[in-house]
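This report describes the fold of one protein, beginning with a single residue pair and widening to the sheets, cores and ligand shell. The sequence and the structure are shown here for reference.

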Amino acid sequence: MSTMRTTDTDVLVIGAGPTGLLLAGDLAAAGIDVTLVERRPHGLSNMTRAFGVHARTLEQLDARGLADELLTKGTPLPRARLFGRLDLDLSRLPSRFNHLLVTPQYEVEHLLERRAKDAGVTFRYGTELRGLRQDADTVTAELTGPDGAPFTLDARHLVGTDGVRSAVRTALNLPFPGSSVIRSMVLADVRLTEEPGRLFTVSGSGDTFAFLAPFGDGWYRVMGWSRTRQVADSEPVDLDEVREIARRALGTDFGMHDPRWISRFHSDERQAPAYRVGRVFLAGDAAHVHSPAGGQGMNTGLQDAANLSWKLTAVLRGEAPDPEALLDSYQSERHPVGAMVLRSSGAIVRLAMAHTPLTRTARALAARFLNAVRPASARAMGMISGIGIAYAPPAGSGRPAGRRAPDVRLREGRLYELLRAGEFVLIAPAGEPPALPGTAPVSPARLVRATWTDPARRTAVLVRPDGYVHWTSR
Ligand SMILES: Cc1cc2nc3c(=O)[nH]c(=O)nc-3n(C[C@H](O)[C@H](O)[C@H](O)COP(=O)(O)OP(=O)(O)OC[C@H]3O[C@@H](n4cnc5c(N)ncnc54)[C@H](O)[C@@H]3O)c2cc1C
């Protein structure tokens with residue numbers, strides 16, 4: 001029998017970006033001891049970067065009591081327009097959040113950081129992971145503190161949420177295969193003299209494309225690319241270059257002025273082959289990276305965190321009947337989603353860059369098809385917004401297990417309000433507590449019990465803490 005060593009913390013999370021903050025907050029809220037290590041000194045924030053929060057992410061934030069506050073800090077966009085002709089009507093999404101919320105990434109991070117602090121996460125800023133080793137029951141992280149002095153911390157599990165250049169991934173000797181998808185993109189947060197409407201717009205001629213979205217507070221995010229100006233990221237960029245690209249792609253620069261941030265960047269499409277190695281996990285940009293088209297990087301990382309946090313919690317509480325299988329399901333559920341996001345965001349960029357007659361025809365046909373065929377456009381919106389993402393049902397459970405649980409109204413309140421307890425929710429007919437399946441990784445004492453408002457509903461449904469169906473009695 002192995003004797004477990006005492007550890008400094010149950011879970012060590014490396015990197016306080018959005019992914020690490022959500023994960024650490026969830027674990028601490030569930031009573032798990034968490035330490036969050038961040039290389040940046042305290043008070044130095046990440047840049048704006050992500051500008052859009054999709055519907056499924058808003059649902060996850062709703063399940064943590066944060067969505068309504070975030071809605072006050074952004075602009076909901078009910079429609080998006082791609083390539084000048086493809087209209088995506090997000091108002092048709094079957095969600096309380098039937099839009100894209102345009103808000104700077106730091107607003108999401110502020111909310112998640114506050115929640116993590118309130119829940120009792122131990123933050124260690126100015127601290128960098130340099131290496132790690134693991135054995136059967138412990139992970140040892142090799143760190144340097146704010147004074148540069150090396151030290152180690154032992155944990156039961158470690159999660160690398162340390163971004164695209166992840167030191168955790170490197171320490172695991174994992175490759176990050178893929179390639180550069182687009183180079184020399186320019187980005188600016190600007191003010192405009194002409195009102196472009198509330199549409200999120202991506203348009204392009206094949207030789208240029210540009211994208212524009214309002215933050216809602218007078219600032220706009222503009223991104224652009226020109227085939228004729230392909231230079232290194234280090235090459236300076238000024239507002240004239242951004243305006244010129246916008247004029248060529250959108251027909252106008254809307255009188256851009258007063259940039260608060262201008263940058264040039266390139267974007268890779270890469271995915272780690274494994275999200276789990278023993279006691280160590282990867283999530284967010286550490287696990288996958290792709291073009292910002294579709295605005296899905298932060299959103300995908302937050303969904304990774306929501307998927308992993310309850311599984312680690314169940315295992316650390318000793319409530320998972322098969323802990324190894326439950327932890328492996330993080331990889332089997334989230335790796336295919338990461339691969340799908342790489343494909344879809346890559347397809348948007350490639351269509352935007354289409355410049356041969358053949359590829360431009362393909363783009364026009366794709367737009368016409370999606371505009372005309374409702375199920376196809378609903379599917380595209382479901383994938384981009386995250387609302388349509390489902391996982392394979394656990395062995396023997398059959399559909400609808402693995403599907404997103406919609407926010408139904410129950411006698412005790414909305415489902416996503418009940419999920420704020422961070423536990424499984426069992427919805428059953430009044431007065432008939434069903435026998436739970438032996439595979440449920442939860443102790444009956446922790447279940448949140450709820451009742452259908454419709455007395456005719458005879459089935460029972462067990463909803464996971466991340467809002468997916470675990471089991472149904474039918
Ligand atoms: C221009 C641009 C626009 C984008 N637009 C969107 C969008 O609209 N929607 C969207 O969803 N996504 C968008 N993204 C992507 C999004 O910004 C990222 O996917 C998101 O920040 C990833 O979050 P993360 O927590 O996984 O990693 P990060 O945000 O990169 O956080 C990683 C953290 O780890 C810390 N760290 C790194 N190494 C170490 C170490 N060794 N030790 C300790 N700490 C360490 C870093 O300091 C950082 O704080 C955009 C990105 C760019 C560049």
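In this predicted model, Leu426 stands opposite Arg449 in strand 23. The pair belongs to the parallel pairing of strand 22 (residues 425-428) with strand 23, which extends over four bridges. These strands are part of an open sheet of four strands, in the order 23-22-24-25 and with mixed pairing. Strand 23 (448-451) and strand 25 (469-472) form the edges, each pairing on one side only, and the twist from one strand to the next averages 20°.

The loop between strand 22 and strand 23 contains Thr439. Is Thr439 buried, exposed or partly exposed? Thr439 counts as partly exposed because it has 18 C-beta neighbours inside 10 Å, whereas a buried residue would need 20 or more. The C-alpha atom of Thr439 is separated by 8.0 Å from that of Asp322, although the two residues are 117 residues apart along the chain.

Taken as a whole, the protein has 11 helices and 25 strands, and 47% of its 474 residues count as buried. Among the contacts with a separation of 6 or more, 71% are between residues 24 or more positions apart.

Strand 1 (residues 9-14) is mostly covered, with five of its six residues buried. The pairings of strand 1 and that of strand 22 are set out below.

| Strand pair | Sense | Bridges | Residues opposite each other |
|---|---|---|---|
| Strand 1 and strand 11 (residues 150-160) | parallel | five bridges | Leu12 and Leu158 |
| Strand 1 and strand 2 (residues 34-37) | parallel | four bridges | Val13 and Leu36 |
| Strand 22 and strand 23 | parallel | four bridges | Leu426 and Arg449 |

Leu12 and Leu158, which are bridge partners, also appear in the largest nonpolar core: of its 101 residues, Leu12, Ala24, Leu158, Val168, Ala210 and Val222 touch the most other members. This core draws at least three residues from each of domain 1 (9-47 + 104-176 + 272-348) and domain 2 (178-269). In soluble globular proteins, nonpolar side chains tend to be buried together. Val168 can serve as a view into this core: leaving aside its neighbours within four places in sequence, Val168 is in contact with Ile14, Leu129, Leu132, Leu158, Gly160, Asp162, Val280, Leu282 and Ala286. Apart from the largest core lies another core, of 24 residues, among them Ala314, Tyr391, Leu462 and Tyr468.

Why can helix 2 (residues 55-62) be described as largely enclosed by the rest of the structure? Eight of its eight residues are buried, so the description follows from the burial of the helix. The buried residues of helix 2 include charged and polar names as well as nonpolar ones, namely Ala55, Arg56, Thr57, Leu58, Glu59, Gln60, Leu61 and Asp62.

The shell around the ligand remains to be described. Of the 34 residues around the ligand, Gly15, Gly17, Gly163, Gly284 and Gly297 come nearest. Helix 1 (18-29), strand 9 (128-134) and helix 7 (297-316) each supply at least two residues of this shell, and helix 7 provides the largest share, which is four residues.

Terms used
Residues are numbered from 1 along each chain as its sequence is written. This is a predicted model: local features need pLDDT of at least 70, side-chain atom pairs count only at pLDDT 80 or more; totals for chains, interfaces and linings use all residues. Two strands pair if DSSP finds at least two bridges between them. Axes are lines fitted to C-alpha atoms, for helices over the stretch in contact, and angles run from 0 to 180 degrees between N-to-C directions. A nonpolar core is a set of buried Ala, Val, Leu, Ile, Met, Phe, Trp, Tyr and Cys residues joined through C-beta atoms within 7 Å. A residue is buried if 20 or more other C-beta atoms lie within 10 Å of its own, exposed if 12 or fewer, and partly exposed in between; C-beta atoms are placed from the backbone. Domain bounds come from an automatic or database domain assignment. Two residues are in contact if their C-beta atoms, placed from the backbone, lie within 7 Å. A residue is near a molecule or strand if its C-beta atom, placed from the backbone, lies within 6 Å of it.
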